Structures are given as C-alpha cells and as structure tokens.
Amino acid sequence: MADAKTKTFVANAPAWVDLSSTDAAASRDYYSKLFGWNVELGGTDAGGYALAKIGGKDVAGIGPTQSPQGPSAWMVYIGTRDADAVAKKVEAEGGKVIAPPFDVLKSGRMAVFQDPSGAFISAWQPNEMIGAEVTGKEGSYAWAELNARGIDKAKAFYGRVFGWGEKVSPMGEGQGDYTEFKLEGQSIAGGMEMNEMVPKEVPSYWMVYFGADNVDKTHKKAVDLGAKEVLPPQDFPGGRFSILSDPQGAAFGLLSLPQQS
C-alpha cells in the first residue's frame with residue numbers, strides 16, 4: 001500500500017501546508033467550522049500538532065507557534081526526496097537555512113528556509129506521511145503564491161533549487177507581472193512583486209489558497225466566523241479569489257478555478 005501512495009507524491013512541488021498559530025485550539029475550531037475539517041490532535045509526542053482531514057484524508061496541519069513572539073502564519077512545504085541535499089542547495093544559492101533538516105517522528109523529514117527575498121518556505125521529505133492527500137477541492141490546498149520584495153532574485157533561487165521554470169504574464173495596467181512557476185510543464189505555484197502599498201514592515205511571504213466552489217459564500221462565512229477581509233472576492237483570468245486574515249492573524253486566500261473538463 002505504501003508504494004501505491006508514494007506514487008502520488010511529486011518532488012519539487014508543494015506537498016503540504018500547515019498553520020503555526022498563537023492560539024492553536026482556536027484555529028482548529030475556526031477552520032473546522034469554515035471548511036468542515038475533522039481536526040485530530042496528535043499524541044503527546046506531537047507537541048500540540050493536529051492533522052486536518054476531509055473524508056478521512058489529510059489536507060493540512062495546525063500547530064502552536066514555535067516561539068511566543070512568532071506570528072500566526074501558513075507555511076508551504078515543497079516535496080523532496082532528500083531534504084539534506086536541498087538545504088545544501090539553498091545555502092549555495094543565497095537562501096538561509098532557518099531550521100536544518102530534522103525527523104518529524106516517523107512521518108518524514110523537514111527543514112525550514114528563507115529565500116533571498118526573505119520569504120519562509122519549508123521542505124518535506126516523506127516517510128509514513130506523503131503530505132496532502134486531497135488538493136484542489138473544496139476546503140483543501142489549491143494554490144501557493146509568493147509575494148516578494150525582489151521577485152527576480154526569488155525566481156532565480158527557486159529555479160536553481162527546485163528546477164522551476166516560469167511563465168510570466170502582465171496583470172493589467174500598472175499592476176506588474178504575474179509569474180506562474182512551472183514543473184514539467186505544469187503550473188504549480190505563483191509569484192509577484194509585492195504591491196508598493198503594502199506597509200514596509202511586511203516581509204516577503206508565501207500565501208496559501210484553499211479551494212472554494214463558491215468564493216463569495218465561503219468568504220462571507222469566513223468573515224462571519226471572525227476573519228478580517230483583506231481583499232473582497234474578485235475575478236481574475238483563471239477564476240475567482242479573495243484574501244482574508246483569520247482570527248489569529250494568519251493570511252489565507254480562497255480560490256475557485258473553473259472545473260477542468
């Protein structure tokens with residue numbers, strides 16, 4: 001069975017997302033209500049880390065922040081077969097290794113990095129846990145997007161570390177370009193230069209989007225449950241999206257893509 005499962009794992013593409021929260025219990029409650037997640041708290045050795053599931057399949061993780069000063073934030077994990085080799089590449093290509101590779105129980109091996117633009121990103125080397133078992137559906141991970149102060153140096157870094165190609169498209173007058181990161185011809189994530197209107201103290205960051213069949217309806221529900229609206233629902237050439245800040249302050253997006261026929 002393990003062999004069959006491992007085949008769904010794709011190296012060098014987003015494999016997992018999790019939330020570090022200043023109030024993990026409140027976050028578990030919030031996202032359970034918003035997305036219908038069944039959130040299962042791990043054993044005593046899991047350090048308060050919980051797995052969120054849809055239909056019994058893993059979709060995301062929720063845990064406490066590692067340091068009391070740390071803000072609530074979603075993290076994107078890029079799948080790899082060798083986290084130690086990735087860490088060496090990250091350093092060689094101008095990134096920083098924030099947490100060197102370490103084993104997570106028997107689940108897998110992970111590391112935390114900072115890209116040259118300052119955004120945090122993690123790597124996931126699977127063992128018993130491959131990562132997200134459902135993606136692109138209602139309430140599951142749908143897209144990751146880099147908002148960077150210095151997108152060009154970040155793009156060069158991801159290209160060299162993970163082998164990502166790119167497709168660049170203008171977003172419209174005065175809005176700069178949007179980059180789709182490509183792996184073997186597939187768009188796997190996005191990136192853009194951070195808007196100049198964003199306060200200077202906001203560092204580069206990766207945004208996680210969750211699938212919503214009806215962005216407007218889910219957006220309203222998110223706000224009703226206590227989130228703040230950052231960007232109201234709006235159309236873009238590929239579908240419809242919105243951005244929110246959850247009750248603990250973590251930014252996340254909602255995304256509806258036209259159903260592929």
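## A charged pair across the chain

Let's start with one residue: at 45% relative accessibility, R160 counts as partly exposed. This is a predicted model, and in it the side chain of R160 meets that of E93 in a salt bridge, 2.5 Å from N to O. The two come from distant parts of the chain, 67 residues apart: R160 belongs to helix α4 (residues 151–162), while E93 sits in the loop between α3 (83–92) and β6 (96–104). E93 is partly exposed too, with a relative accessible area of 25%.

## More salt bridges

A search of the whole structure turns up 10 salt bridges. One of them joins K167 and E180, whose closest N and O atoms are 3.9 Å apart. K167 is in strand β10 (residues 165–170) and E180 in strand β11 (residues 177–183), so this pair ties together parts 13 residues apart in sequence. K167 itself is partly exposed, at 42% relative accessible area.

Then there's D224 with K220, where the closest N and O atoms are 2.8 Å apart. Both lie in helix α5 (residues 215–224), 4 residues apart, or about one turn of the helix. D224 is exposed at 55%, and K220 counts as exposed at 52%. Elsewhere, D84, D103 and R109 are linked in a network of salt bridges.

## The whole chain

Stepping back, the chain has 5 helices and 16 strands. Its radius of gyration is 17 Å, close to the 18 Å the globule rule gives for 261 residues, so the chain is as compact as a globular protein of that length. Of those 261 residues, 46% count as buried.

Note on methods. Residues are numbered from 1 along each chain as its sequence is written. This is a predicted model: local features need pLDDT of at least 70, side-chain atom pairs count only at pLDDT 80 or more; totals for chains, interfaces and linings use all residues. Side-chain values use heavy atoms; hydrogens and water are left out. The radius of gyration is taken over C-alpha atoms; the globule rule is 2.2 Å times the number of residues to the power 0.38. Buried means under 20% relative accessible area, exposed over 50%, partly exposed in between (1.4 Å probe, protein chains only). A salt bridge is a side-chain nitrogen of Lys or Arg within 4 Å of a carboxyl oxygen of Asp or Glu.
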